[in-house]
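Colleague: Can you take me through the ligand site and any internal space in this one?
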Amino acid sequence: MALDTETLNLLIDAVRRFVHERLIPAEDELAASGEVPPDIVNEMRDLGLFGLSISPDFDGLGLTMEEEVRVVFELGQTSPAFRSLAGTNIGIGSQAIVLAGTDEQRARYLPKLASGELIGSFALTEPDAGSDAMSLRVSAERDGDFYVLNGTKRYITNAPIAGLFSVMARTAPERRANSISCFLVEAGTPGLIIGKPDKKMGQAGALTSDVVFDNCRVPASALLGGEEGNGFRTSMRVLDKGRLHISALCVGIADRLLRDAVKYATERKQFGQPIAEFQLIQAMIADSQAELYAARCMVLDAARMRDRGENTTMQAACCKLFSTEMVGRVADRAVQIHGGAGYMSEYAVERFYRDVRLFRIFEGTSQIQQLVIARETIKAHS
Ligand SMILES: Cc1cc2nc3c(=O)[nH]c(=O)nc-3n(C[C@H](O)[C@H](O)[C@H](O)COP(=O)(O)OP(=O)(O)OC[C@H]3O[C@@H](n4cnc5c(N)ncnc54)[C@H](O)[C@@H]3O)c2cc1C
């Protein structure tokens with residue numbers, strides 16, 4: 001159920017104020033320490049950011065997709081590492097349970113994910129299974145009332161701080177979608193080993209690491225939906241939604257980068273005038289604005305389609321492909337407009353330039369989005 005306009009506007013205003021008054025001033029501290037300050041985590045919880053998309057039945061705000069992307073346009077105005085903490089709970093960290101959990105699993109985990117008491121994590125990728133997720137090798141063998149998990153997951157967001165992992169594991173040897181199941185594994189389960197945080201190009205504070213299963217025994221009740229074989233399809237559905245969320249984030253970041261670039265261009269003078277008066281600088285501003293506007297329209301359109309219950313696999317892939325590539329170009333132009341200053345870490349554009357590189361890679365690379373778009377388009381026209 002959608003919020004009424006006034007409540008939604010109040011929420012968006014509150015998030016905007018929080019981003020500008022609390023998060024933007026803390027960006028440098030986050031980049032230096034690699035940790036979201038605990039008082040900010042508490043404020044994020046109080047604002048309901050961990051439960052934006054989780055139903056009010058489980059203490060979330062129950063936003064529609066359109067409402068969620070509008071809030072994420074605001075969250076994108078600051079370092080994406082802040083968003084990563086809460087965004088995983090409302091996206092890939094909770095959606096498998098929302099989509100396919102049993103009533104008991106929903107009741108047990110969703111309220112804690114919605115409040116941020118529990119940090120969620122989604123473990124699909126492995127050292128030898130990235131884009132080709134169906135080839136994953138982490139195994140789950142039935143042993144009486146338990147399953148025993150073995151193998152390694154790689155680059156798992158929030159793993160070092162997560163309380164709950166949605167883990168895709170093989171319950172049958174054949175290379176088929178229904179050979180893969182999803183398990184809800186709680187932190188602290190014996191045999192669940194979390195690797196050291198990865199050293200990354202950007203997004204300091206958004207932690208990733210390996211997750212190793214060494215004869216990790218989980219009760220049969222940890223099987224998502226109580227049924228083997230639904231893990232791969234659930235993952236793809238989770239990613240469909242995640243792709244719209246990431247696209248909205250890219251729109252927000254591009255907006256911030258454009259604002260920073262325009263501010264610099266109007267203040268910086270060369271040849272006796274602000275560089276914003278040079279048409280070659282204006283061309284970069286215009287191209288960025290046009291692409292940003294196009295991405296915003298696409299994301300809102302796809303979000304509305306999703307809210308109407310339509311299949312948005314193709315549209316979500318289009319949004320992910322276009323928005324993530326778009327924010328890369330906007331970041332590149334923002335650095336260019338800043339000249340040498342854009343290469344210096346005291347300007348935020350330098351950090352964002354590194355941060356946004358990730359978006360073309362995770363939750364499906366740009367090439368995988370192209371494959372999805374082509375597959376769905378050919379299917380629709382044959
Ligand atoms: C910071 C970060 C956070 C992440 N968080 C998570 C997480 O929380 N959970 C999770 O499960 N995973 C996560 N990932 C993993 C991420 O989803 C994968 O890295 C991504 O899907 C790509 O897989 P790969 O790295 O194995 O690259 P590969 O699949 O090896 O791809 C290498 C290159 O080959 C291209 N390629 C592959 N197949 C094809 C094809 N058929 N046609 C054309 N080109 C192709 C790719 O596009 C890419 O350019 C994260 C990754 C990073 C870097």
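Modeller: The ligand comes up ahead of the cavity below.
Modeller: This is a predicted model, where local features need pLDDT of at least 70, side-chain atom pairs count only at pLDDT 80 or more, and totals for chains, interfaces and linings use all residues. Residues are numbered from 1 along each chain as its sequence is written, and side-chain values use heavy atoms, with hydrogens and water left out.

Colleague: Which residues come nearest to the ligand?
Modeller: F122, T125, S131, T365 and Q367, out of 18 around the ligand; being near takes a heavy atom within 4 Å.

Colleague: What does the side chain of T125 do there?
Modeller: An N or O atom of the T125 side chain lies 2.7 Å from a ligand nitrogen. T157 also has a side-chain N or O atom 2.7 Å from a nitrogen of the ligand, and for S131 the figure is 2.6 Å, to a ligand oxygen. A polar contact is a pair of N or O atoms within 3.5 Å.

Colleague: Which strand gives the most to the shell?
Modeller: Strand 3, with 3 residues; strands are DSSP runs of E, at least two residues, and helices are runs of H or I, at least four.

Colleague: Switching topic, how many cavities of 30 Å³ or more are there?
Modeller: The structure has 1. A cavity is a set of points on a 1 Å grid over the protein atoms alone where a 1.4 Å probe fits but cannot get out, and lining residues have an atom within 4 Å of a point.

Colleague: What lines the largest cavity?
Modeller: Among others, L257, M284 and I337. Helix 10 supplies the largest share of the lining, 4 residues.

Methods. Polar contact = N/O pair within 3.5 Å; in protein donor to acceptor, adjacent residues only side chain to side chain. 1 Å grid on protein atoms, 1.4 Å probe; cavity = no way out; pocket = protein on both sides within 12 Å on 5 of 7 lines; lining within 4 Å. Points joined across faces, edges and corners; volume = space filled by probe spheres on them.
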